[in-house]
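Student: I would like a close look at one part of this model. Please take one chain and work from its overall form down to a single residue.

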Amino acid sequence: MRSVRLRQVAVFLVLAGALQLGAIAVGKPFWQTQLTMSAYYALVAVGLSLLMGYAGQISLGHAGFFAVGGYGSALLTTWDLSAHKAAGVLQALQAMGAVVARPDPFGGTVLTVHPWPAAVVAVLLAMAAAWLVGIPVLKLSGHYLAMATLGVGTIIAAIAVGTQALGAADGISGVPPLPLLLGVGVGGATSQRVANYWVAIGLLAVCMILLLNLVDSRVGRALRAIHGAEDAADAMGVDTARYKLHTFVVSAGLAALAGVFLTHFNGGIGPSEASIMKSVKYVAMVAVGGMGSLWGTLGVSLLLNFLSLRGYFGTLDDAVFGAILIGIMLFSPDGIMSPDLRRILVAGWRRLRPAPASVEKGASEEGR
Amino acid sequence: MAGELFFQYLIAGLTYGTIYAVVGMGFNIIYNATGIINFAQGEFVMLGGMTAVSLHAFLPLPLAIVVAVLVTMVVGALIEVTFIRWLSRPSVLRMIIITIGISILIREAALLLWGQDVRALPYFTGNEITSIAVGGARISPQVLWTLGACAGLVVLVTAFFRFTMLGRQMRACAANRVAASLCGLPTRNLITLSFVLSAGMGALAGCVVSPITQTQYGIGTGLAIKGFTVAILGGLGNSLAAVAAGLLLGIIESFSVSLLPTAFKDAVSIAVLLAILFARPSGLFGARAATRP
């Protein structure tokens, strides 16, 4: 089993490499920027897939958790603490390296939190928020859960737009890069575009390994039992409330992690990242990829995000996602990889061409 | 707070509250008939208002409103026939996602059709500055129109469900669809009718409130959240309780403006929603479990 999973990840990495070489080969190296962003968005979708597909809980507020991660990071790394330089706590933090002085674009020096502690705080903040919200919300189900998470998302979006300290409608910009090893940093520098693509793909691959392991463990089986029949799982001794809550928190944490990285990559974040439409788009990606199909979600969200970011849908962007949602849910509620749809397509193909050609519809680029 | 100011806030709250009540009732009508929460409910209000504004360019006001309501009813019927009628036993998750998709499509279609402009119908009587003095507060006649129309609507719809054959049939269908169809009721058509009714109510509310709140392509989502809050506040499925809850929410929201920045007005109603979900998921007046599918 283990080797199967490693092979899947290896295939993913090879395909990711091929994608990059392809982008460069056709003379569009700038595609890497959108591919990198897509990879971070895909991380949110994969995390949501765990929640929707395995725990069977819908969240219409995942963009909110993404925004908590992104805004938390952005606020901490751009908030100039120079005025409080004399405070003992601050000096201790500076000695530990958690607060650093760095040059700002205007030639001065600012004293801000180091990106790494900021990232940790931001992700923990999102997870804590998910935990607090999750305890009562996850006791609900169906429409109530959908509306409650929608409500949480709306509140976070309202706070992002309405708070002056968070830049209101403009958001926060001037976020420094997140330093990694060997002088590489998660940031917008063109010279590091290739490296940044691999940082994103690497993060995605690591999270996929963790998630695949989780899904194939005792926890994963418990989650599938909950999805299948919550009462039955409960009767078998599965602590359903705890499993659902933990999945919700992990899922929100992944969204926040993606938010942190993408905010550093873009050098800023705006309130549109927190919008309900974003949350709905994440749900659309999971729905199309197939609930519970992590690889399907990954492939679909890479593709859809890339097309959306490149602007192929133009002003119809939201409408495209709406149409996708309806179409998939009407005709193939288990996603495009579902056996149902494959059977329908194969049957339709056979009817069109009497010669029995066993052609499979290769729907997306990750090959499974 | 001075008495006049208090009264002013109260009236504003009631005006918005009646709209929430009508949207919440619309939620309940569809929920009772199908067990579906129609996330596109707010779009009916938007469609009603926008269509009426467009039609008013070449029709007299009352006729424009009537036609707008009829058009929205047709849209409601189309939604049911196209997307919902032929699904057999769809899961809750599936229906949530489908109705969200529908609401996005309607919104985007409205954006293409009408653009981002904020529009409004003219005041039914007088204009923006006409006002009637009531107990020291100044009230626009449109507020009375809104209160009157919504109250009339609630009474009519309630009477329809109580006293007419068709209304009784719809209630039978809501209570037990299988039994209703065994008794020979055309349950599928009754469900379509519930969408038509719900769309018509939303559209009429959208028309009467348009002069005060104005109409834009994107107002549906906010109204849907509030309508749902109201439906839950009253206990899902209980239409008259939704009316009381709607007025309550409108008043809470209106008074929140005196304490908090206006930007957080919507957040207040969502906070109310969350608080109710956590504390009393069955609603203030209801007793049914929140986990009902």
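Tutor: What follows goes through chain B, then one of its helices, then one residue, and ends with the contact to chain A. Keep in mind that this is a predicted model.

Start with the whole chain. Chain B contains 11 helices and two strands. Along the sequence these elements run in the order α-α-α-α-β-β-α-α-α-α-α-α-α. The C-alpha trace spans about 60 × 50 × 35 Å along its principal axes. For 293 residues, a compact globule would have a radius of gyration near 19 Å, and chain B has 19 Å, so the two agree. Of the 293 residues in chain B, 50% are buried. Among contacts in chain B with a separation of 6 or more, 76% join residues 24 or more positions apart.

Next, a helix. Helix α4 of chain B covers residues 92-114, which makes 23 residues. At 1.5 Å a residue the helix should span 33 Å, and because its end C-alpha atoms are 33 Å apart, the expectation is met. Just after α4(B) comes Gly115(B), with a positive phi of about 75°.

Now the single residue. Ile29(B) sits in helix α1 of chain B, which covers residues 3-34. Ile29(B) has 25 C-beta neighbours inside 10 Å; the cut-off for a buried residue is 20 or more, so Ile29(B) counts as buried. Leaving out residues up to four places away in sequence, Ile29(B) touches Ser194(B), Leu197(B) and Ser198(B). Ile191(B) belongs in this picture too: 162 residues separate Ile29(B) and Ile191(B) along the chain, while their C-alpha atoms are 9.5 Å apart.

Last, the contact between the chains. Chain A contributes 30 residues to the contact and chain B contributes 31. On the side of chain A that touches chain B, α6 (142-162), α11 (276-289) and α13 (317-331) each supply at least two residues. The most come from α6(A), with 12 residues. By class, this side of chain A has 22 nonpolar, seven polar and one charged residues.

A word on confidence in chain A is in order. The mean pLDDT of chain A is 79, and 90% of its residues reach 70 or more. Residues 356-368 of chain A, however, have a pLDDT below 50; this stretch makes 20 contacts in the model beyond near neighbours in sequence.

Methods
Residues numbered from 1 in each chain as written. Chains lettered and ligands numbered in written order. Predicted model: local features only at pLDDT ≥ 70, side-chain atom pairs only at ≥ 80, totals over all residues. Helix = DSSP H or I, 4+ residues; strand = E, 2+ residues; numbered from the N terminus. Expected span 1.5 Å × (residues − 1). Buried ≥ 20, exposed ≤ 12 C-beta atoms within 10 Å, placed from the backbone. Contact = placed C-beta atoms within 7 Å. pLDDT = per-residue confidence, 0-100. Nonpolar A, V, L, I, M, F, W, Y, C, P; charged D, E, K, R; others polar. Rg over C-alpha atoms; globule rule 2.2 N^0.38 Å.
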